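Q: Please take me through a structure one feature at a time, giving the general idea before the particular case.

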Amino acid sequence: MKKTLAALIHPKSESEFFENYLTHEPFIVHGLGDTIKELTTLPFLKSLRDLLNSWPHQVEVHLPKIADEASAVQVSTEDAKKMFENGMGLLFNDVNNISPILSQWLEDLRIDMGLSAMTYGRNLIYATKAGKGTAPHFDQNINFVIQIHGTKKWWIAPNKNVDNPMTRYTMGLPMDSELESYATVPMPTQMPPDATEYTLESGSLLFVPRGSWHCTQATTDALALNFTFSAPTWIDIFTTALRARLSHSSEWRQTADFVSDPERSPDAIDKFNMLITELSYETTDWRAEDFLGATEWKE
């Protein structure tokens, strides 16, 4: 079986998965075995000790006040081991950079998902002490979680405050200004009552839809491998391709002079309006294929 979506969700089907994906529903599979053996037999995933002994970078540690990436420090592997024993969660970032096998799976999965070439994909490993977990939050990215060792509970709920968020948010913390501009506030201070509980054991896979509220708690010491994709929105596709197109115009490449000068800004505004008007004439002939040609179908 090929090393992509089909392998990660076996014996369930891709059609089952995409039905959940398109309706923003979690998707869970238990008892994965041979189809992901190439992942589960990676030497550094044998145990947390093996991971710490082989990890070449600093480790992100989530501090006890807020068990979340928003409250974290970077420490040595030796310090990370001590802090884990004191109940703090560990995050190993961009693990694909040290594993060609993970890098290939990551790219194959991106292609099977049909995600843009502009997608930032990465593997993350989370180590969680028994009785600990992560604070309620939502992510702007797409997550596949494979439970490697231990047992961990997840609670996932639909996000009724914001559809398709473009940034991450943790309950109780300030929102960034852009998120606040399109979210329905106030945000909840605890997990919504319609959250569904999922229990992951070794060999379980959970797909966490983008933007869903979720939190976790480990029943035992736990180690999980994530395939995480920060995929571009239509905004990103459009603005990237638009910049590529406008960069061929010497007039658009001009310095935006005098825009903050009260005396000279009228001339700057006139110039900008002229450029916008000329661009509006061109947009009548634009097609999606033209934009995707700039981001997806480069030769």
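**Reading backbone and side chains**

Q: Where is phenylalanine 258 placed?

A: Phenylalanine 258 belongs to the loop between α8 and α9, where helices (H or I, at least four residues) and strands (E, at least two) are DSSP runs numbered from the N terminus. Before going on, note that this is a predicted model, in which local features need pLDDT of at least 70 and side-chain atom pairs count only at pLDDT 80 or more, while totals for chains, interfaces and linings use all residues. Residues are numbered from 1 along each chain as its sequence is written, and side-chain values use heavy atoms, with hydrogens and water left out.

Q: Which residues other than glycine have a positive phi, and which peptide bonds are cis?

A: Most residues other than glycine have a negative phi, and most peptide bonds are trans. Here phenylalanine 258 has a positive phi of about 65°, and asparagine 164, in the loop between β8 (152–157) and β9 (169–170), has a phi near 50°. The bond from histidine 10 to proline 11 is cis, with omega near 10°, and proline 11 lies in the loop between α1 (5–9) and α2. Another cis bond joins valine 185 and proline 186, with omega about 5°; proline 186 is in the loop between α7 (177–182) and β10 (196–200).

Q: How should I read burial, and what surrounds phenylalanine 144?

A: Burial is read from relative accessible area: buried means under 20%, exposed over 50%, and partly exposed in between, with a 1.4 Å probe and protein chains only. Phenylalanine 144, in strand β7 (residues 142–149), is buried at 0%, whereas asparagine 164 is partly exposed at 43%. Leaving aside neighbours within four places in sequence, phenylalanine 144 is in contact with residues including Leu5, Phe17, Met113 and Phe229, contact meaning heavy atoms within 4.5 Å. Phenylalanine 227 is also one of these contacts, and its C-alpha atom is separated by 5.0 Å from that of phenylalanine 144, although the two are 83 residues apart along the chain.

Q: Which strands pair with β2?

A: Two strands pair if DSSP finds at least two bridges between them. Strand β2 (residues 59–62) runs antiparallel to β3 (residues 72–75), joined by four bridges, and pairs in the antiparallel sense with β4 (residues 89–92) over three bridges. Glutamate 60 has glutamine 74 as its bridge partner in β3 and stands opposite leucine 91 in β4. Both faces of β2 are covered, with Val59 and Val61 buried on one side and Glu60 and His62 buried on the other.

Q: Which residues of helix α9 are buried, and which are exposed?

A: In α9, Ser265, Ala268, Leu275 and Leu279 are buried. Seen down the helix axis, the buried residues fall within an arc of 90°, so they line one face; the arc is that of the directions from the axis to the C-beta atoms. These residues pack against α8 (234–246), while Asp267, Asp270 and Tyr281 are exposed on the other side.

Q: How is empty space found, and which residues lie nearest the centre of the largest pocket?

A: Rolling a probe the size of a water molecule over the atoms shows where empty space is left. On a 1 Å grid over the protein atoms alone, a pocket is an open set of points where a 1.4 Å probe fits, with protein on both sides within 12 Å along at least five of seven lines, and lining residues have an atom within 4 Å of a point. The largest pocket is lined by 20 residues, of which Tyr21, Leu115, Arg210, Ala231 and Pro232 lie nearest its centre. The elements giving two or more residues to this lining are α2 (14–22) and α8.
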